[in-house]
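User: I'd like to go through the reasoning behind some of the labels used for this model. Can you take me through it?

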Amino acid sequence: MTTAFRRADRRVSPVFLALVAAMAVSGWAVWSETLAANTGFAVFLFVVSGWVVSLCLHEYAHARTALHSGDLSVTDKGYLTLNPLKYTHAMLSIVLPVVFLLMGGIGLPGGAVFIERGRIRGRWRHSLISAAGPLTNVLFAAVCTAPFWLHGLDGVPLPFRCALAFLALLQVTAAILNFLPVPGLDGYGVIEPWLSHSLRRQVEPIAPFGLLLIFALLWIPGLNQAFFDLVHTVLGVLGVSEVESYLGQEFFRFWQGTPQIGGVS
């Protein structure tokens with residue numbers, strides 16, 4: 001019986017499979033222009049489902065790394081099923097990420113995997129557990145941009161190309177923001193094991209507000225501009241132009257109408 005439960009705790013969740021299916025179907029709709037009159041809505045579904053899939057993979061990476069580092073409790077908590085409902089925190093997982101996405105086109109994973117750090121031995125393992133999540137976003141961004149840096153865009157419809165570009169932008173923003181050494185974010189989790197005990201105690205009360213601090217700072221025009229300059233520089237290295245990611249966001253905001261693409265080919 002125990003073995004059966006263990007297998008169930010690691011079985012891929014139907015919720016995750018449904019999200020992958022939604023991403024595939026909506027991506028096909030964008031590519032084939034089956035819903036030509038509602039291309040923006042199809043792009044919206046593709047990007048949102050793709051974003052949630054990446055969120056699941058981000059949190060799974062944390063959990064899987066923790067499992068191999070000694071925290072067996074992640075299995076009992078269902079973190080290895082890729083079920084987004086297991087990572088859900090109403091404010092962190094739904095409200096703030098949606099606000100970031102709709103208002104600023106910023107992707108920030110808001111899930112929560114609670115690791116029993118007392119079971120982990122070794123500072124390198126603690127750092128690797130924290131780094132595993134944003135590294136997954138880096139990998140997801142590489143996959144999304146593969147057609148761009150491999151020069152495989154011949155015959156790819158413009159809406160699908162731009163949707164991929166915008167989804168890649170979300171992954172890059174998520175990776176950069178999560179690697180910031182701000183309490184409450186993964187970047188701080190990477191360096192925390194190497195800090196003195198007294199410094200960690202002083203910083204601990206700030207951790208719950210780290211995400212809000214980032215949100216507030218990104219409203220400052222100069223910092224916002226600098227951040228997106230960095231994002232577009234990274235995307236440019238990956239072969240994605242600022243115009244493509246911009247149009248992807250415009251398609252995504254289908255409620256504003258079809259974007260005017262002019263002479264863009």
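Analyst: Sure. Keep in mind that this is a predicted model. Let's begin with helix H12: its buried residues are Glu244, Ser245, Leu247, Gly248, Gln249, Glu250, Phe251 and Phe252. Each of them has under 20% relative accessible area, the cut-off for buried.

User: What makes H12 largely enclosed by the rest of the structure?

Analyst: The count does: eight of the 11 residues of H12 are buried, so the helix is largely enclosed.

User: Why is H7 called oblique to H11?

Analyst: Helix H7 (residues 158–178) packs against helix H11 (residues 221–237) at about 120°, and their axes are 10 Å apart. Roughly perpendicular covers 65 to 115 degrees and roughly antiparallel needs over 145, so an angle of about 120° fits neither and H7 counts as oblique to H11. The crossing itself is right-handed.

User: Which residues make that contact?

Analyst: On the H7 side, Ala168, Leu169, Val172, Thr173, Ile176 and Leu177. H11 brings Phe227, Phe228, Leu230, Val231, His232, Val234 and Leu235. By class, that's 11 nonpolar, two polar and no charged.

User: Which residues touch the most other members of the largest nonpolar core?

Analyst: Phe46, Val47, Leu167, Leu170 and Phe227, out of 62 residues in that core. Several helices give two or more residues to the core, including H3 (39–69), H6 (123–149) and H11. H7 gives the most, with 15 residues.

User: What does Leu167 touch?

Analyst: Leaving out residues up to four places away in sequence, Leu167 touches Met23, Phe46, Val47, Gly50, Trp51, Phe140 and Cys144.

Notes
Residues are numbered from 1 along each chain as its sequence is written. This is a predicted model: local features need pLDDT of at least 70, side-chain atom pairs count only at pLDDT 80 or more; totals for chains, interfaces and linings use all residues. Side-chain values use heavy atoms; hydrogens and water are left out. Axes are lines fitted to C-alpha atoms, for helices over the stretch in contact, and angles run from 0 to 180 degrees between N-to-C directions. Helices (H or I, at least four residues) and strands (E, at least two) are DSSP runs, numbered from the N terminus. Angles under 35 degrees count as roughly parallel, over 145 as roughly antiparallel, 65 to 115 as roughly perpendicular and the rest as oblique. A crossing is left-handed if the near helix is turned anticlockwise from the far one by less than a right angle, and right-handed if clockwise. Contact means heavy atoms within 4.5 Å. Ala, Val, Leu, Ile, Met, Phe, Trp, Tyr, Cys and Pro count as nonpolar, Asp, Glu, Lys and Arg as charged, and the others, Gly among them, as polar. A nonpolar core is a set of buried Ala, Val, Leu, Ile, Met, Phe, Trp, Tyr and Cys residues joined through side-chain atoms within 4.5 Å. Buried means under 20% relative accessible area, exposed over 50%, partly exposed in between (1.4 Å probe, protein chains only).
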